[in-house]
Amino acid sequence: MIEAAGLVKTYGRGRALDGLTFTVGKGVTGLLGPNGAGKTTLIRMLATVLAPDEGELRLLGRDPAGDRLEIRRRLGYLPQEPGYQRGFTVFEFVDYVAILKEMVERRARHDEVRRVIEEVGLTSVSGKRIRTLSGGMRRRLGIAQTLLGDPELILLDEPTVGLDPEQRLRFRELISHIGQDRAVVLSTHQTEDVAALCNRVVVLKAGRCVFEGTPEEIRALAEGRVWFSAEKSGVLSWRTGDGLFRNIGPAPEGARLAEPTVEDGYLLLLGGTAAEAAA
Amino acid sequence: MSTWHMDDGLAVRYADGELNPTLAASVEAHLLACDRCRSLLAPRVPRSRLDRVWAEVADAVDTPTPGPFEQLLRAIGVHDHTARLLGATHSLRLPWIAASTVALLFAALASGETTRWGLLSYLTLAPILPVAGVAVAFGRDGDPAHEIGLAAPYSMFRLMLMRAAAVLTSSSALALVMGLGLLGDDWTVAAWLLPSLALTSLTLVLSSRFDPRHCGAAVAATWLVVVVATNLREPSLAMFGGAGQAGYLAITFVSGVLLIARRREFS
């Protein structure tokens, strides 16, 4: 679905992407990385909104430089901060995006609009103004418009930001459902989302890919390197609820080995960056 | 109760849609009350036609009624999809049009006074309204769903031109009605028309590189400075005379050419 080799994107003096290479197939792939790692730049590039300065990119088997329109017909995109015409109803907004997706014939378009609204569970509020919807409903509305035309590739930029735990769970349910028969790429800095949803993960750091594999593989990176101890130690360390320190890195004296998580593996990958962020 | 009933021939002709409207309406009135004729007719109506009619009914019932502006556009013959794209434009909605009307009204009233600026104040303001309207009609800040639109196959250049044309038309119509209604029917009342086109097209071409709102503000401010600087000592309508109009036409033409050359920048 996506093949990227040596992608570079420069803004002024800074490099948002610095020779990024990775591939994405069917299923849910998580783009994990700290703020400023280049996730949004990459998602916008995959959505054909931005062009790389250097490198090769193939989306759905095509070159976005030449086949941009054909790719756009086969992808759905939810930006990090999706805007909505707040005076529109749910139906009107999805219908508006359907027109932008070249669905001109009225009745067929309306059928498709109703289908995607039903798929995200918003049928009961279809006639309500967007300004009256909760944050979780607006996120689902954002997902609904990505499903128009049954795209093969769906790109979601930080889709779970700002959702409460219950909304997040419902959202995960929805994304895992839509990721069953297509490629879904979601950018996030939430390791829980990656552990719960993704069958592959790409970790970005300073515009480069520092890991590509499964969530289990990233968790395994921290195998034997996470410890509970009475004293602070390791690359990263924090006091847990029972008074012990959870340390990531070399074993401190008298430490007890802990079961690692995806987050532990991710923090180890980030190394110095994570330690600086924590300091 | 009527003793009349449909025969086979009439049922077939009705099912095939071959009856004239008057007879069809009469048959339908009878069908509402006659179970026997409904039973006779039911197997004669093709399934595909029933499905089509049902889909039309379901669509009409389930689809929310569009807002008044969209309804107005549809009433004058604009396609429903174009009406929806235009209906999402801030500067084509009632609050914006109401604000424009008030601004023009004040300018027209001021022009009616025997101040030394006279008609000049109206001719200066009228071209700024479409510039402001176009500046907030598209782009990252003007269109909330701009980013989603960028990744869609619909041409953003086409969308921008369509919205600009609609805004230009609505503000020009407003200014024309206001001018002719309050300031008389002399041709000079409409002398803002070419300046409007020139300033709007200049705003559009600059928007291919910079934020449309900044472009609109810069063009409007430059226009005001030029008008004030030119007329500070002796206010006159010279800027709106023949030579001036030729200049605005030239700016419109050059901006149009540049706009077409830079159309890819909008996507």
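**From a hairpin in chain A to the fold of chain B**

In chain A of this predicted model, strands β1(A) and β2 (residues 14-24) pair in the antiparallel sense over eight bridges. Within that pairing, A:E3 has A:T23 as its bridge partner in β2(A). The two strands form a hairpin with two residues between them, and A:G12, which sits in the turn, has a positive phi of about 60°. Strand β1 (residues 2-11) of chain A is also joined to strand β4 (residues 54-59) of chain A, in this case by five bridges, and this pair likewise runs antiparallel. A:I2 finds its bridge partner in β4(A) at A:L59.

Both A:I2 and A:L59 reappear when one turns from the backbone pairing to the packing around A:L46, since A:L46 touches A:I2, A:L59, A:L155 and A:V185, if residues up to four places away in sequence are left out of the count. A:L46 belongs to the largest nonpolar core, which holds 132 residues, and it is one of the six that touch the most other members, the others being A:V94, A:V97, A:I117, A:A144 and A:L155. The largest share of this core nevertheless comes from helix α12 (residues 156-183) of chain B, which supplies ten residues. As a general background to such a core, nonpolar side chains tend to be buried together in soluble globular proteins.

The contribution of α12 leads on to chain B, which has 15 helices and zero strands. Its radius of gyration is 28 Å, well over the 18 Å that the globule rule gives for 267 residues, so chain B is more spread out than a compact globule. Taken along the principal axes, the box filled by the C-alpha atoms of chain B is roughly 90 × 45 × 30 Å. Of the 267 residues in chain B, 35% are buried, and among the contacts in this chain with a separation of 6 or more, 73% are between residues 24 or more positions apart.

What remains is the place where the two chains meet, a contact that takes 30 residues from chain A and 21 residues from chain B. On the side of chain B that touches chain A, the elements giving two or more residues are α4 (47-62), α6 (80-87) and α11 (146-150) of chain B. Which of these elements gives the most to that side? The answer is α11(B), with five residues. By residue class, the side of chain B that touches chain A divides into twelve nonpolar, four polar and five charged residues.

Terms used: Residues are numbered from 1 along each chain as its sequence is written. Chains are lettered from A and ligands numbered from 1 in the order in which they are written. This is a predicted model: local features need pLDDT of at least 70, side-chain atom pairs count only at pLDDT 80 or more; totals for chains, interfaces and linings use all residues. Two residues are in contact if their C-beta atoms, placed from the backbone, lie within 7 Å. Helices (H or I, at least four residues) and strands (E, at least two) are DSSP runs, numbered from the N terminus. Ala, Val, Leu, Ile, Met, Phe, Trp, Tyr, Cys and Pro count as nonpolar, Asp, Glu, Lys and Arg as charged, and the others, Gly among them, as polar. The radius of gyration is taken over C-alpha atoms; the globule rule is 2.2 Å times the number of residues to the power 0.38. A residue is buried if 20 or more other C-beta atoms lie within 10 Å of its own, exposed if 12 or fewer, and partly exposed in between; C-beta atoms are placed from the backbone. A nonpolar core is a set of buried Ala, Val, Leu, Ile, Met, Phe, Trp, Tyr and Cys residues joined through C-beta atoms within 7 Å. Two strands pair if DSSP finds at least two bridges between them.
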